[in-house]
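These are my notebook entries on one structure. I set down what I looked up, in the order in which I looked.

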Amino acid sequence: MPHRPVPPSRSVAVGTNPERTRSHNRRVVLETVRQHGQLGRSDIAVLTRLTAQAVSNIVAELVEEGFLIELGRRRTARGQPPVEFAVNPDGGMTAGMEIAADHITTVLVDLAGRVRAQRIAPLADATVAGVQQLAATELAWVRQAAGLPERLLGCGVVMPGPFEIEGMSSVGTSPLPGWAGQDAAQLLAEALNTPVVIENDATAAAVGEHLHGLGRNLRHFCQIYFGAGLGLGVIIGGQPYRGAFGNAGEIGHIPVVAGGRLCACGGHGCLERYASVHALTETLREAGIVAAGPEEIVQLHRSGHPALTGWVAEAATLLAPVVAMLENLFDPETVILGGEMPDEVVDAMIAAMTPLPISVASRRGRSIPRVQRGATGRLTAALGAAALPLLDTMTPKLDRVSLAPESELSPG
Ligand SMILES: [Zn+2]
């Protein structure tokens, strides 16, 4: 995907002065240049609030190590024009991986944000050892496919949440047996031999849509994500909102049907018992259609199969008030639907939600629809994950749920 300089209005990470940690300031400088496309030293100093001397030293190091490239002097009306710097796309890579119930999606993204390799592989064994083995194989595959002498700076991994909730076990719908209570970041860092940052799937999907999809020009949006269950990612002011413990947006467990279906969380009538890929496959199974994958679901949709049509109508009826609730809570520019659900089915759900209930978003002169299908499809969460090794450590306030060991951004 083409490199897209982010407009200066976007919030930037701020460095620490004097140097609290050297690696932190290096990451801040690199991320600031990446966001703006190209910058001179004095602009970097202003944006990062680091001293001119600190910026000068860090820029020199980053150039020498191949993370930044010197572009030459910018033409200006007067005075000595500043030398400008840009991120070297070939200077390093980050990997993003989505570990889902039955597959692992892996992407390799360069420092300029371009996808260099991608792959989806079936996951037969979701135990710790099985995931470790396949994850290592997949990472090796995309690194090989990229065909570049790349430096891997880390891997962002998305796994289904919620994390560490007592009395709200995901056992039953959790696709990853044996992972409860484990230090997933540590186990995966060992298997992948690179620093690992863990994120929940819906938040990573929102970051992916923000960097690569429909959310590119948006600063405030909600992303409803069809993953293992039903999740919500929220981007506020260009940043993901995670809550105090990284579990914000667990909308799948909002009760929507009084006395409804029993949920694995222990509650009844939870939204994801009706509006999720799992709920759809369950409905189809009850209609005698077993093991329906994405292609079969699309076929059933095209042929107007009553089980699928009925499911879409019910899910849309339950989702529509939740969309209005999200609008009233967050006042987003739009609500994006995406994830594992086939595009055509998402489109049908959006159509079936119309007209949406009245909310603060019901206003004349809207430039974009209230609800839209995401643009990045099944790669969404993995793309967001690939941004985490850089993004997460760039922004100190995001450190709360970062399970990765503090690691140096170092060459090699
Ligand atoms: Zn529930």
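Entry 1, the zinc site. I began with the geometry around the zinc ion in this predicted model. The four donor atoms subtend angles of 105 to 124° there, which makes the arrangement tetrahedral. For that label, all angles must lie between 85 and 135 degrees. I noted for reference that the ideal angle for four tetrahedral donors is 109.5 degrees.

Which residues supply the protein donors of the zinc ion? I found His253 through ND1, and Cys263, Cys265 and Cys270 through SG. These atoms lie 2.0 to 2.3 Å from the zinc ion. Along the sequence, the spacing of the donor residues reads H-x9-C-x1-C-x4-C. His253 and Cys270 both sit in the loop between strand 11 (239–241) and helix 7 (277–286), so this pair ties together parts that are 17 residues apart in sequence.

I then asked whether the donors are buried or exposed. His253 and Cys270 are both buried. Cys270 has a relative accessibility of 2%, and therefore counts as buried. Cys263 is buried because its relative accessibility is 4%; the cut-off for buried is under 20%. I also searched the whole structure for disulfides and found zero.

Entry 2, the chain as a whole. I recorded eleven helices and 13 strands in the protein chain. The chain has 412 residues, of which 56% count as buried. I next looked at contacts between residues at least 6 apart in sequence, and 66% of these join residues at least 24 apart.

Entry 3, the nonpolar cores. How many residues does the largest nonpolar core have? I noted 41, and the residues with the most contacts inside this core are Ile224, Trp311, Leu319 and Leu337. The elements that give two or more residues to this core include strand 9 (221–226), strand 10 (230–236), helix 8 (294–302) and strand 12 (334–339). Helix 9 gives the largest share of this core, twelve residues. Another core, of 29 residues, lies apart from it, and Ala95, Met97, Leu108 and Leu188 are among its members.

I followed Ile224 further. Setting aside residues up to four places away in sequence, Ile224 touches eleven-residue company that I list in part: among them are Leu230, Ile251, Leu319, Val323 and Leu337.

Entry 4, helix 7. Which residues of helix 7 are buried? I listed Val277, Ala279, Leu280, Glu282, Thr283 and Leu284. The buried residues of this helix pack against strand 9, helix 8 and helix 9. After helix 7 comes Gly288, with a positive phi near 90°.

Entry 5, three buried residues. I looked up Asp110 in strand 5 (residues 103–110). Asp110 counts as buried because its relative accessibility is 3%. Its side chain is joined to that of Arg116 by a polar contact of 2.8 Å. Beyond its neighbours within four places in sequence, Asp110 is in contact with Pro89, Gly92, Met93 and Arg116.

I turned next to Thr380, which is placed in helix 11 (residues 380–394). Thr380 has a relative accessible area of 1%, so it is buried. A polar contact of 2.7 Å joins its side chain to that of Thr376. With residues up to four places away not counted, Thr380 touches Ala204, Ala205, Gly208, Glu209 and Gln223.

The third is Ala185, in helix 5 (residues 184–192). Ala185 counts as buried, at 1% relative accessibility. I compared its position with that of Glu199: the two are 14 residues apart in sequence and 9.7 Å apart in space, C-alpha to C-alpha.

Entry 6, backbone exceptions. I kept in mind that most residues other than glycine have a negative phi, and that most peptide bonds are trans. Where is there a cis peptide bond? I found one joining Thr354 and Pro355, with omega about 0°. Pro355 is placed in the loop between helix 10 and strand 13 (371–373).

Arg49 is not a glycine, yet its phi is positive, at about 60°. Arg49 belongs to the loop between helix 2 (41–48) and helix 3 (52–64). Its relative accessible area is 60%, so I entered Arg49 as exposed. Asp331, also not a glycine, has a positive phi of about 50°. I located Asp331 in the loop between helix 9 and strand 12.

Key:
Residues numbered from 1 in each chain as written. Predicted model: local features only at pLDDT ≥ 70, side-chain atom pairs only at ≥ 80, totals over all residues. Heavy atoms only, no water. Donors = N, O, S within 2.8 Å, 3.2 Å for Na, K, Ca; no water. Tetrahedral: all angles 85-135°; square planar, octahedral: opposite > 155°, others 65-115°. Buried < 20%, exposed > 50% of the residue type's maximum accessible area, 1.4 Å probe, protein only. Disulfide = S-S within 2.5 Å. Polar contact = N/O pair within 3.5 Å; in protein donor to acceptor, adjacent residues only side chain to side chain. Contact = heavy atoms within 4.5 Å. Core = buried A, V, L, I, M, F, W, Y, C linked by side-chain atoms within 4.5 Å.
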